Structures are given as structure tokens and as C-alpha cells.
Amino acid sequence: MKALRFCFASLFLTGALCGNAQGILRWTDGPLTWERFQRVDSTQTDPYKATFSFSKENKKVKIDGILYKYMDVSAALDTGQCWVQTGKDTDENLQRLQKEFDLLQYFAERYRTDYLFHSSPELTNQHDAYFGTDKKHHLPEVVYIDGYRAALEACKNGKSYEDYHVSREPFDISKVPCQIEKGSSDAIISLVDVIPTGELANHFGPAVGFRAGYGHREGKSLFSAELTVGHTGLDLSNFNPFRVSAIGVQGAHIGLMARYCGRLFPIKEGGVYLSGGAGYSCWKHGDIMAHVAFGGITLSQGVDVIVPLQKTMNFVARKPQLRDMSLHFRLSVDEMYAAPQKLLAPTISLSAGLDFGYRNITKALPQK
């Protein structure tokens, strides 16, 4: 009886195993069969041995146009380290092993869920100690291994295995209960072409440059601050590294704007937005170190078109995030006021670029 009682002491939980390693059977591959064991006589007193472990695998799955990145965890059996004595391959013994395997899968699923959100009830007060300040995160396997061993001992002493229920339904990452922050942070990068008209056109040609900004998206609205830098020509024919003013430019354009965009109507998950803003901009004539700038308060109005490119539910990030990447186009008219003693005619701005947005993901609270 003593030998039978402790026959499962040979169930060793090793470190994480590569899911594709030879001889590894995951719990998700189906119920155990004796064919997975080496049918050899043994001098050991135990009737059989099964080596269990956690199998961890980073996965990418695209569901309904959304790319999910996560780490899957499953109970695994190392078939190369399993054996059974002749005559001990009974249905009763196999059923006991399957219950042990199911129990380990229960803790594997807890491990996976906690890893998705990088938190665990057992680790609430130790979160910083385990995660630190770097970009990587590691949950201690021992928490779940110890939980498995304690549950195994409890079941041997009369507790029902049914208290640790697992489902044979395939894991669906898209059905994991989670909540996503309503607002998102957006990084905006664009190539821009600014065309002066009226009085400015007498001094400058079109300015080509970059626009970069940071925004906050809330529902159908986007608030952003953006910096535009461009030039209307560059002459390096007389370049002298000891004289900065020797770099000749026909003109330079700089603008700093606060902008609001509100969606007029949707196009899939993108749409057409009406935008408006205010800020300061200037046009500078001549050498970098010379000449007075034409500048003043600038009002802007225009239309933005947002085209979604990719949406990613990334549970492997330091903080789980929903990431959006979109292509955007903008046509706007900017009016400059209080330039040298008069109103200057509007300028037309054409830009195209990428919008990177992200929102944090947290575990959904259970419904009361």
C-alpha cells in the first residue's frame, strides 16, 4: 500500500519544455494512452512512471482581422521518460494518470491566464520583486507547481478531482475576458508638403518636411500636439563646416499646432475626420542664421482620412496592449495672423503618414 500510495511521487515536473520537442505530448493533444509509454519490465517497485511538465509556447493567431500575440501554457508529458510494467497497463491505472494530467492542466491554465495579464493573486504583494523594472516579465513557475503538488496530495486524501475542472474545448484567446482602456495614446508621423499662397508665395516656394506629434484618442475624437519642420530648398555649393550661415536655404517653415479631430463618418474602423487647430508657425527666408522670419498665430482647418492597417492584441508586452496602426492623409488650410504688420494669405498643407496608437489591457472583473 505504501508503494501504491507514493507511486505518483515519480511524477517529476521539469522546467519549461519546447512545445515542438520530440517525444512531448501536450494535454491538448488528447487523452493519455498506454501506447505513449515504453512497455518494458522494470526492477522498480513502482508500476509506472510519467514525467509531467509545463509546455510554454509563444503564439500568433489572427482572428477576425485582429492579430493576437500571447504565451500558451499546457500540461505536457515527456513520452521518452515514461514506462509501465508489464501487466500494470490497466484502465484503472490509466484513469489515475489522466486525472493527474488533468490536474496539472488546471494549474497550467491558471498560469497562462495570470501570464496574459502579468499578475496573479499569489503574487500581488511580490509583483515588483518578480517583474522588476526591465521590459521582460517572468512569472515564477514554482507557484503553480507547488499548487499542483498540494492539490495532488489533497486529492489522494479524499478531495475530488472534479473540483479542478478543465474543459476539452480548444483555448480561444479572443474569448479571454478582458477590458480595454477607452482612450488611446497615439504617435503621429507624417511627410508633409506645405504650399504658400498670396503674399507668402512671393517669398517662398513649397516647403517639404516632416510632421510628428503625440495625441490622445477618446471615442471618435483625437486631441494632438504636432510639430512641423520643412524647407523650401537647400544649397550646399558654398558649404563651409566652420560657417553655419554658409548653408543656404531659399526658405524654412516651422509650425507647432494643437489640433482636434472629430469623425464625420466611419470607413470600417477608420473614417473621415474634420480637423481644426491653433498654434504658431513661421516662414524663414535666406540663410539659417540670417533674415527675419514671417511668423504669427496660425489657425488651421482641414480633413483627415484614416485607413486602418493592423490591430494587435499583444499580451506578451510588458503591459498588455491593444495596438493600432493606421495610414492617414490630411488636407488642411492654415491661416497666419499678426505676421509683419498684415494678414498673410492661407497656406495649403498636404500630408500622409502613420498613426501608431495603443491602449492597455487588464483582466475583466467578474460580474456581480
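R323 has Y358 as its bridge partner in strand 18, and that strand (residues 347-363) is a handy place to start reading this fold. The model is predicted, so local features need pLDDT of at least 70 and side-chain atom pairs count only at pLDDT 80 or more, while totals for chains, interfaces and linings use all residues. Residues are numbered from 1 along each chain as its sequence is written, and side-chain values use heavy atoms, with hydrogens and water left out.

**Strand 18 and its partners**

- Strands here are DSSP runs of E with at least two residues, helices are runs of H or I with at least four, and both are numbered from the N terminus.
- Two strands pair if DSSP finds at least two bridges between them.
- Strand 17 (residues 321-337) runs antiparallel to strand 18, joined to it by 14 bridges.
- Strand 9 (residues 183-196) is also antiparallel to strand 18, with 12 bridges, and I195 is matched there with I348.
- Strand 8 (residues 178-180) pairs with strand 18 in the antiparallel sense too, over three bridges; C178 has K363 as its bridge partner.

**The chain as a whole**

- The protein chain holds five helices and 18 strands.
- Of its 368 residues, 42% are buried (under 20% relative accessible area; exposed is over 50%, partly exposed in between, with a 1.4 Å probe and protein chains only).
- About 20300 Å² of the protein chain is exposed, and carbon and sulfur atoms supply 58% of that (Shrake-Rupley method with a 1.4 Å probe; for residues, only the protein chains shown count as cover).
- Take contacts (heavy atoms within 4.5 Å) between residues at least 6 apart in sequence: 70% of them join residues at least 24 apart.

**Aromatic rings**

- Rings of Phe, Tyr and Trp (its six-membered ring) pair if their centres lie within 6.5 Å; planes under 30 degrees apart are stacked, over 60 edge-to-face, and the rest tilted.
- That rule gives 13 aromatic pairs.
- One of them is F223 with Y260, a tilted pair at 5.2 Å centre to centre and 50° between the planes.
- This pair links distant parts of the chain, since F223 sits in strand 11 (residues 221-231) and Y260 in strand 14 (residues 251-267), 37 residues apart.
- F223 has a relative accessible area of 45%, so it counts as partly exposed; Y260, at 38%, is partly exposed as well.
- F54, Y111, Y115 and Y144 make up one aromatic cluster.

**Charges over rings**

- A charge sits over a ring if NZ of Lys or CZ of Arg is within 6 Å of the ring centre and within 35 degrees of the ring normal.
- R112 lies over the face of F171, 3.6 Å from the ring centre.
- R168 does likewise with W27, at 3.8 Å from the ring centre.

**Helix 2**

- Helix 2 (residues 91-117) has 27 residues and should span 39 Å at 1.5 Å a residue, which agrees with the 39 Å between its end C-alpha atoms (the expected span is 1.5 Å times one less than the number of residues).
- H118, just after helix 2, takes a positive phi of about 60°.

**L67 up close**

- L67 is found in strand 6 (residues 66-78) and is buried because its relative accessible area is 18%.
- Leaving out residues up to four places away in sequence, L67 touches K60, V61, K62, Q310, K311, T312 and M313.
- L67 and S174 are 107 residues apart along the chain, with their C-alpha atoms separated by 9.8 Å.
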